[in-house]
Structure formats: C-alpha cells, structure tokens
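Visitor: Could you take me for a close look at one salt bridge and what sits along the chain around it? I'm new to this, so please go one step at a time.

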Amino acid sequence: MNDKNREDDEERDDELSLPTQELFGKDLKQKPSLPFPEDVFIMPLNRRPFFPGMAAPIVIETGAYYEALKTIAKTEHKCMGLFLTKEEDANIYDLEMEDIYQVGILARILRIVPMEQGGAQVILNMERRISIKSKVKGKYFRAKIDYHDDVVTNEIAKELKAYSISIITTIKELLKLNPLFKEELQIFLGHSDFTEPGRLADFAVALTTATREELQGVLETFNLSDRVSKALILLKKELDLSRLQSSINQRIEATISKTQREFFLREQLKAIKKELGMEKDDKTVEVEKFKERIHNRKVPEDVMKVIQEELDKLGSLEIQSPEYGVCRSYLDWLTVTPWGVFSEETTDLELAEKVLEEDHYGLKDIKERILEFIGVGKLTGGVKGSIICLVGPPGVGKTSIGKSVARALNRKFFRFSVGGMRDEAEIKGHRRTYIGAMPGKMVQALKTTETMNPVIMIDEIDKIGSSYHGDPASALLEVLDPEQNQEFLDHYLDVKCDLSNILFMVTANVLDTIPEPLKDRMEILRLSGYIQREKVQIAKKYLIPRNRKDMGLKTADIAFTEAGIGQVINGYAREAGVRNLENNLKKIMRKVAKKVASSKKKPAKVTVTEKKLPDFLGKPIFTSDRYYEKTPVGVCTGLAWTAMGGATLYIETSSSPSEKTEMKLTGQAGDVMKESAQIAWSYLDSHVKEFVGETPFFKKQKVHIHIPEGATPKDGPSAGVTMVTSLLSLLANKPVNEDVGMTGEITLTGKVLPIGGLKEKLIAAKRSGLKTLIFPEDNRRDYDEIPDYLQKGVNVHFVKTYEEIIPLVFGGKRGKKLAIRKQKKTSRSKRA
C-alpha cells in the first residue's frame, strides 16, 4: 500500500498535511456525535507516521486492503488504524503483528475517490493516538485498541506554554529560511490560541524532515512534556539544516553571479579592444594561423585552391555554428600537412654502414641489401619508390632495422602496426560526413614527422584483418604501389597527396598470410635468426650495457662471463631472436639491483657464471632439443621451419598386428603433411623389394606415424623424406644414425624437391648438435649464400633422389648392405 503524502518529495508531504480545522471545518462540527470503535482494521504505512489533527490522502490499491476499505466505509464510525511498519521496505501483504509498531493513529474516512486503474484515493482525518491491545481473529488485519489523549495538569501548564512559545518562535525562524509553506503555517498560527500544546507539537514535528524512526518515537510519547521537548529538538535540528542549506545556496549563487559578471566584462573588454584594434577575434586568429602555416611552403595548386575555398567559407560562418568546427578541423589538417617540406637526405654509404654496424650485430646480407638501396638513391637523387619487407621470427630486430635506416638517411621515422586492423578507414581516412572523422595513418604520419619523405614502418602486415568495414590490405595496395601512391587520395583530406618520396618498410613473421597482390609490390628481405655465437655477441655489445644503464647499475656492480651468457641462451632462451634472452638478462639484473639497493655498504661485484644461473633464473627450462641420445628403430630426425624460426622435428613410427594393412597419422598434422605421409607410404610400398628384399610391406600390420608435441599444429611438405626414412627404419628394423637430420619433399617417383627456410633449419640443426644434414640438390644455391661461419661444424649432403639418402642415414655395414641390395637390383636390370 502507498501513502501518497509520504513520497520522496517532502514539499508535497507538507502541502497535503494541513490542519484539519482549515480544510474540513464543516465535517468537524459533527465530530462529537461520531463514535470511536473498540477495534479497527489495520492499514500499514511504509514511509512516515501521521499525527492527530492532520488531514491527508492515501492510496489503497486493489487487493485485501481495498476489500477491507469497502467494509470500513459501510460502518457507522468509518474509522481505521494507521500503523507504521518496522521495516521501510516490508511487504504489507505479508505482515504479522510483530512487524508493525504498536502505537499508531485512528483515522476517519472523509472521502473516497475511486481510481481508473483500480483501487481508490482516500481522504482521511487523523483523530486520536491509539495502541494495539490484542489481535482480532478474522479475515482481515484487525486489532482491539486503547486510546491515548493528552492530559494537561496545572503543574506542567507553564512549562508547556514556554515550550509552545519556543516551538512557534523556531517555526517563525524556519519560515525566513524556507518559505515554501509560509501561507499554511501562518493560517495555523493565526487560529491557534496555544491551548493545545500537544497538537502544536504534533503539527510541528510533521513539518520536519526527520527520519521515520524519530517521528514514530514522538508518536509513541504519551507524556506531554516529553513530547513537546522531543518536538522542539527535532525542530531545532531542522532549523540548523535549513541554515546550512541556505548558506550553501548563497555561496553557489555568489559564485554563479561572479562568473556571469566576469563573462560579461570579458566580452565587453574584447569588444573594446577589437574596436581599438588592440585585439582580434578568435576567427581572425584562426585564419591568420592557417595562412601562416602555408606561407613558405610549396603547396600544390589543387590543394591551394581547396584551402582558399575553405578559408572563404570559414570567414562567412559564425563561431557558434556546428559547421564552423567541421570547417576549422578540415583546414587544420590541410594546413598542418607538410606540403613541399623534405628532410635533407644523407646518402653517405660509409656513414650508413657505420650506423647499421653500431645498431646491429651480424645480418650481413640484410645490411648489404640496404646499402644497395642507399647506393641507388645516391645515384638517382634520393631513396624513393622502394617498399622493403623484412620477414623473420620475433625478436630478430626487424623494427630496429627500420629505425637504423631512418637514422642512416637522416630521415624522420614513423611506425604503426596493422595487426588486427579491420577498417580500411585507418589507412585511407574517414569521410568528413561522419562525426569524429579523421585522416588515415599516412596523413597522420606526415603530420607527426613534419616532412614528406619520412621512413614509415608498417608492422605486423601478416596479421592484418578484414571485416564488413572493408579490407585494409586492399587499401594498402595503393599506398605501397610506387606507380599509384604519387596521387594518393585520403578520404578526409579529399585532395591528392604524393607519397612516392616515402621509404616504406614492412615487417612480417610469415609470408603465407600476406595477399599475393600486396606481396608483389614489396622487396622481400629475410631475417633468419641468430645462432648462439651471434647471440652472445649481441648480449655483450648491446643488451647488457643498455639494460645495465636502465637498471641503474654500473660495471662495478655486475658482470657476465661468456659461458654464463651461453648457458642463458641454451637453457632459458632458446629461440630465433633475442627477446627472451633480454628478458632473462633483465631478471638477473633486477635481482642484483635489489641487492645493491638494500645493502648499506657497497656490495661486492656480482659475476654471473654458468653455475650461479640457477640462483637467479631457477632450473633450466631447456635441456636439449633432442629427445633421444640414441635414435631407436622407427625414429628419424627432420628439420622444420616455424614463425619462431627453425626447429628439429622427430617422426616416430611403430607397428602392431591387425586384420589388414593400414596407416594412422597423429600429431596435429595439416592437410599438406597428411598428403606427404600418404606419398611416403605409397613410395616405400612400390619400392620395398629394392630396399629390403623379400621382406613384406607391413603385411597385416597397423602402422602408426606420430609427430611429437601434438599440441602444436604442423604442416608442409618438407617432412616427406623424413617420413620415408622412419618407415624404412621400422620395416628393416634398423635404427637411423644419431647425428643425422634431413628435410625435403618426396614425390611418388622418389625425387627430392627443394624446400624453404634453409638457413633457419641449418641454425636449428646446429643448436641441436646434428652433424650430418641432408638437403635437396636444388637448395644448394641457398646454402651457398649462407655465411661461412654457419656452414662450419656440419657435413651437408645434397641429394636428387631418395636412393642417395639410404647410405647416409643407416651408415656402416647396414648402409652398405642396403646400398648393395639396390645395386644388385640395378645390375640385374642392366643385364635384363
């Protein structure tokens, strides 16, 4: 049930709670003749209690209480009991006697107004204080009641009169601060002769914003002296609250008035200065700023025409116009673009070579190619029209090479990543019709670098996405095409912009996911990764000095032995790049830095050796890339290429009896690798007599081929020869030599086709300690391009057909025996 006069808005509460004498005087003339019942229906209230002498409306919704209201309306006395619930959010349809306060008010119905949505609004006159004596059994919530009237004795009459005067005085002071109910209060005070101090106290309390519990406490106070005392305290609290509220309002109004006054004065001052020529308005300042930007620049004619049109348009617009902000932003971008501004390029090959050597160790082939680009630029008058794509695993220095190239050419450098980018507007800009439109990354790069010939590096191009917003890779076709980017059109600027003087450098981990049309526009340079010797030198020359400085350490605090660095690489950071190596070196330095910072005296120098590494980094993560010290039957070591660099790959085979001959492949192999397994199976089946004589080809056996590390997806054709060798080892029951690794694609006729990633696979083989490597003959040219220091320590064999592999992998007498069997077959064929 909802009592309307106890809504959150206290102003409406007080407006509806006026003295009964003023609203319903005629009804009260019949009051002496109206009876008071011994028991009443109970109507619970949630918000606040009522007090005698008040008239107020309440709303009774359809339900049990509405039915009770109908019954009450038919009685002679038309009275009900209003009692406050102990919990404000109590469910009034599920109450017991202990859930309501035992003291309430007897209310008499004056009028019932039915509502369209059901229920009724009831106007009530609050008659007398009552308390519950006992519950009456019945259909509705009823109780027997006792009445409590005010008793004034001569002993307390003077005290009550003094309290009454204090209450009236407080109310008058309250009126000065809160005049919302001034008229109603003046009417009440004008008609009151103060002969009823209890009624005055009740009315005064009802005007306050006291809590429901405080109001209920006053209602339950039957002693008149105590009641008027409580009423005065609550009224004083209300007065203090009103004074505080008035003080806050005055401060706020003073602040607002001061701000408004200052605003008007400033506007007047601007107008005066403008008339005297001492100051210009905001629009004039903006226009002059735009003109100043392009004053000494060689702006193309078509761009200059657009700028002039927009300046004329801006001059005719009011500053308050929404179009003014759009026009101003457009002009800002048009004029901030560095038209005709170029960095003074340096094409000194010696300086460029020096810079590259300072920043990077190794990578001789990459440095040579970059110096070739710079050499061409020196002869043609500038490096332009080139798009260099650096492909390699993470942590090999692709991004830092871009920075070095920019430094060598004396150009500004700008980098942004397109990994996960799905909106072509990031490249070509948004159209100006959209709210919050901006130019694309190309124009933003020109603004940031303030030149038209920066070095722009586009990172992670192999991870670019596409969606319904468009295809950013297709948008890059225009950007990265030297024949098209001379007239690049950004959707926001909507004027042609020459990007042909920009040196674009692109990075990727793999080439497979780059669209072919985009790949055709780029010069591919591969970064294969580093071997241990290179990593040690990189750590000594670059990583350790740089991070030691960043950690606040000195050379007297920490030192690394070469063996210690080598163990960090082998045991904790076995990867193609040096990112994990740097992270582990940082971890060691942080521990030393903590020791230095916490020590009161200068600690002894820490030398990081191979034996001390477990104290800093824990137990080694890697022990060996090789699972087997001695290769068992049916196992062969292959070489694979991944986005993280090269890796060794074992092929394991086993057989078990079965009703028919079949082959099963596991290890999360891709479609191409599954086809390689089928080809290896078919090739060995068709040549089984040539290799192992009369031994049947897995007759009634189930052969299981497994590629370890099953959680890692694998694909590609280069494991073909490894699978044939593994199956042949199982079939002949002869193990493969321990230090042999191989790679190559096999055909049904036994031809060994070339593969990719030869350098990465060679590095992985050296890391794993393999001494004998077998590569396809067609990869010999790739091997010849590999630096000599990488070729040392391994015995490489190049083969055209699989028959050439057999003597190399089985070795000793076993290899000779297989070779002899093959030769006998050949000899018989010749005689035939």
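Guide: Start at Lys463, which makes a salt bridge with Asp462, with 3.3 Å between the closest N and O atoms. Keep in mind that you're looking at a predicted model. Now, is Asp462 buried or exposed? Asp462 has a relative accessible area of 8%, so it counts as buried, since the cut-off for that is under 20%. Elsewhere, Glu173, Asp240 and Arg243 are linked into one network by salt bridges that share partners.

Back to Lys463, which has a relative accessibility of 38% and so counts as partly exposed. Lys463 also forms a salt bridge with Glu460, and there the closest N and O atoms are 2.8 Å apart. Glu460 is partly exposed too, at 28% relative accessible area.

Next, look at strand β9, which covers residues 455-459. How many of its five residues are buried? Five of the five are, so the rest of the structure largely encloses this strand. Follow the side chains along β9: Val455, Met457 and Asp459 point one way, while Ile456 and Ile458 point the other way. Whichever way they point, all of them are buried.

So what does β9 pair with? One partner is strand β8, residues 413-417, which runs parallel to β9 and is joined to it by five bridges. Another is strand β12, residues 503-508, again parallel, with four bridges to β9. Met457 is a handy place to see both pairings. Arg415 stands opposite Met457, and in β12 the bridge partner of Met457 is Met505.

Let's zoom out to salt bridges in general. A search of the whole structure turns up 28 of them. One to compare with our starting pair is Glu323 with Lys313, where the closest N and O atoms are 3.0 Å apart. Glu323 belongs to helix α12 (residues 322-336) and Lys313 to helix α11 (residues 301-316), so this pair ties together parts that are ten residues apart in sequence. Glu323 is partly exposed at 35% relative accessibility, and Lys313 is partly exposed at 33%.

What about charges that gather on the surface? Lys587, Arg590, Lys591 and Lys594 form a positive patch there. Take Arg590 from that group: you'll find it in helix α22, residues 579-598. At 46% relative accessibility, Arg590 is partly exposed.

There's a patch of negative charge on the surface as well, where Asp348, Glu350, Glu353, Glu368 and Glu372 gather. Which helices supply at least two residues each to the negative patch? They are α13 (349-359) and α14 (364-380). Glu368 is in helix α14, and its relative accessible area of 45% makes it partly exposed.

Now head back to where we began. Lys463 has salt bridges with Asp462 and with Glu460. Asp462 is buried, whereas Glu460 and Lys463 are partly exposed. That's a nice little group to click through yourself!

Technical notes:
Residues are numbered from 1 along each chain as its sequence is written. This is a predicted model: local features need pLDDT of at least 70, side-chain atom pairs count only at pLDDT 80 or more; totals for chains, interfaces and linings use all residues. Side-chain values use heavy atoms; hydrogens and water are left out. Patches are made of residues with over 30% relative accessible area and no salt bridge: like charges are joined within 9 Å, nonpolar side chains (Val, Leu, Ile, Met, Phe, Trp, Tyr) within 5 Å. Accessible areas come from the Shrake-Rupley method with a 1.4 Å probe; for residues, only the protein chains shown count as cover. A salt bridge is a side-chain nitrogen of Lys or Arg within 4 Å of a carboxyl oxygen of Asp or Glu. Lys and Arg count as positive and Asp and Glu as negative; His and the chain ends are not counted. The place of a charge is taken as NZ of Lys, CZ of Arg, CG of Asp or CD of Glu. Buried means under 20% relative accessible area, exposed over 50%, partly exposed in between (1.4 Å probe, protein chains only). Two strands pair if DSSP finds at least two bridges between them.
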